Amino acid sequence: MAVMAWFKKERRTRTSQRERLEIPPDAWGKCEVCGHVDIRERFERSLLVCPECGHHQRFTAEQYLELLADPGSWRELFGNLRSADRLDFEHYAGRLEKAYEKAGTSDAVYTGAAKIDGMPVHLAVMNFAFMGGSMGSVVGEKIARLARRSAEKRVPLIIVSTSGGARMQEGVLSLMQMAKTSTMLARLHALAIPYISILTNPTTGGVSASFAMQGDVILAEPGAVIGFAGPRVIKQTIGQDLPEGFQTAEFLLEHGQIDDVVPRGSLRDTSARLLRHMQRVQYREDIADAV
Ligand SMILES: [Zn+2]
């Protein structure tokens, strides 16, 4: 019996060895475009940009704040505004409650003061995690107030947009935000205070039809979908096939609708350089008084 024992496969405690070798599944990241698999840390180090194909994965609003603002310089403003269910829209109150729980109490946009490369700025970053970055009264009001504060304090404005469009649960009140924000931005323009608009994936609907496209400079991340209506609706309306790459940042750049496509890793430096350049513009008192 003792000899037989030699040929018997020694029973290893397999599970324990496997446990030792296996890397926890959440340590890996995968690019949804090219399928490239890499350790998550590498994706994170590259700001969630695929090291292989350059695809920009979704970055949270909080990550953009960290990326753009100088460390410790961010101070939130108007964070106390809360959406109201004015139209008694079905399920809206409940959805709001859930969104506040899940995505924080800043609604679908963070607004505040910060510094970029030492320069004071007002910064708004839309939060897609909050009801798809939809623009209701609170989003419009926060953007408008921030723009007004920019005018009063003569501080440049930067807005990072991502949005599915107007918030349907607030009906026409959401649509009115387009006019309200546009008016405030017109005032900034007249005062020659720089406004940089940064478009991220996706920027659509009422946001693309108002403040997102009104920047003195409009930058977009590579591959970002930017447009007003969805391609299906447009195709049905005009009865024509749409060109390839339609509604991407690159397509819009080629057709003169935006100023540049800037990879995430260069957004901060590009914004800082633009601000430095634009702030040499003279204050036009004659125009400012007319508004
Ligand atoms: Zn990739």
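**Exercise 1. Which residues coordinate the zinc ion, and at what distances?**

Before we start, some bookkeeping: this is a predicted model, in which local features need pLDDT of at least 70 and side-chain atom pairs count only at pLDDT 80 or more, while totals for chains, interfaces and linings use all residues. Residues are numbered from 1 along each chain as its sequence is written, and side-chain values use heavy atoms, with hydrogens and water left out.

Step 1. Look for the donors, meaning N, O and S atoms within 2.8 Å of the metal (3.2 Å for Na, K and Ca); water is not among the atoms, so sites may look incomplete. Here the SG atoms of Cys31, Cys34, Cys50 and Cys53 coordinate the zinc ion at 2.3 to 2.4 Å.

Step 2. Check the geometry. The 4 donor atoms subtend angles of 107 to 111° around the zinc ion, so the arrangement is tetrahedral. The rule for four donors is that all angles lie between 85 and 135 degrees; square planar (four) and octahedral (six) require opposite donors over 155 degrees apart and all others between 65 and 115, and anything else is irregular. For reference, the ideal angle for four tetrahedral donors is 109.5 degrees.

Step 3. Read the spacing along the chain: C-x2-C-x15-C-x2-C. Cysteine 31 sits in the loop between strand E1 (28-30) and strand E2 (37-39), and cysteine 50 in the loop between helix H3 (40-45) and helix H4 (61-68), so this pair ties together parts 19 residues apart in sequence. Those element names are DSSP runs numbered from the N terminus: helices are H or I with at least four residues, strands E with at least two.

Step 4. Add accessibility, where buried means under 20% relative accessible area, exposed over 50%, and partly exposed in between (1.4 Å probe, protein chains only). Cysteine 31 and cysteine 50 are both buried, the latter with a relative accessible area of 3%. Cysteine 34 counts as partly exposed because its relative accessibility is 38%.

Step 5. Scan for disulfides, that is, pairs of cysteine sulfur atoms within 2.5 Å. The whole structure has 0 of them.

**Exercise 2. Describe how strand E4 is paired and covered.**

Step 1. Strands pair if DSSP finds at least two bridges between them. Strand E3 (residues 75-76) is joined to E4 by 2 bridges, and the two run antiparallel. Arginine 75 stands opposite alanine 113 in E4.

Step 2. Now the other partner: E4 and strand E5 (residues 119-126) are antiparallel too, with 8 bridges between them. Alanine 114 has valine 121 in E5 as its bridge partner.

Step 3. The E4 and E5 hairpin has 2 residues between the strands, and aspartate 117 takes a positive phi near 50° there.

Step 4. On coverage, 7 of the 8 residues in E4 (residues 109-116) are buried.

**Exercise 3. How many residues does the largest nonpolar core have, and which have the most contacts inside it?**

Step 1. Fix the term: a nonpolar core is a set of buried Ala, Val, Leu, Ile, Met, Phe, Trp, Tyr and Cys residues joined through side-chain atoms within 4.5 Å.

Step 2. The largest one has 44 residues, and Phe130, Leu157, Leu188, Phe211 and Ile258 have the most contacts inside it. Helix H6 (residues 137-153) supplies the largest share, 7 residues.

Step 3. A second, separate core has 30 residues, including Leu48, Cys50, Tyr64 and Leu67.

Step 4. Zoom in on phenylalanine 211, using contact for heavy atoms within 4.5 Å. Beyond its neighbours within four places in sequence, phenylalanine 211 is in contact with residues including Met126, Ile143, Leu185 and Tyr195.

**Exercise 4. Compile short profiles of glutamine 169, isoleucine 226 and alanine 27.**

Step 1. Glutamine 169 belongs to the loop between strand E6 (157-163) and helix H7 (171-190). With a relative accessible area of 6%, glutamine 169 is buried. Setting aside neighbours within four places in sequence, its contacts are Leu87, Phe89, Tyr92, Arg95 and Met131.

Step 2. Isoleucine 226, in strand E9 (residues 226-227), is buried at 2% relative accessible area. Outside four places in sequence, its contacts include Leu199, Met213 and Leu252.

Step 3. Alanine 27 is in the loop between helix H2 (14-21) and E1, and is partly exposed at 23%. Its C-alpha atom is 5.3 Å from that of arginine 40, 13 residues apart along the chain.
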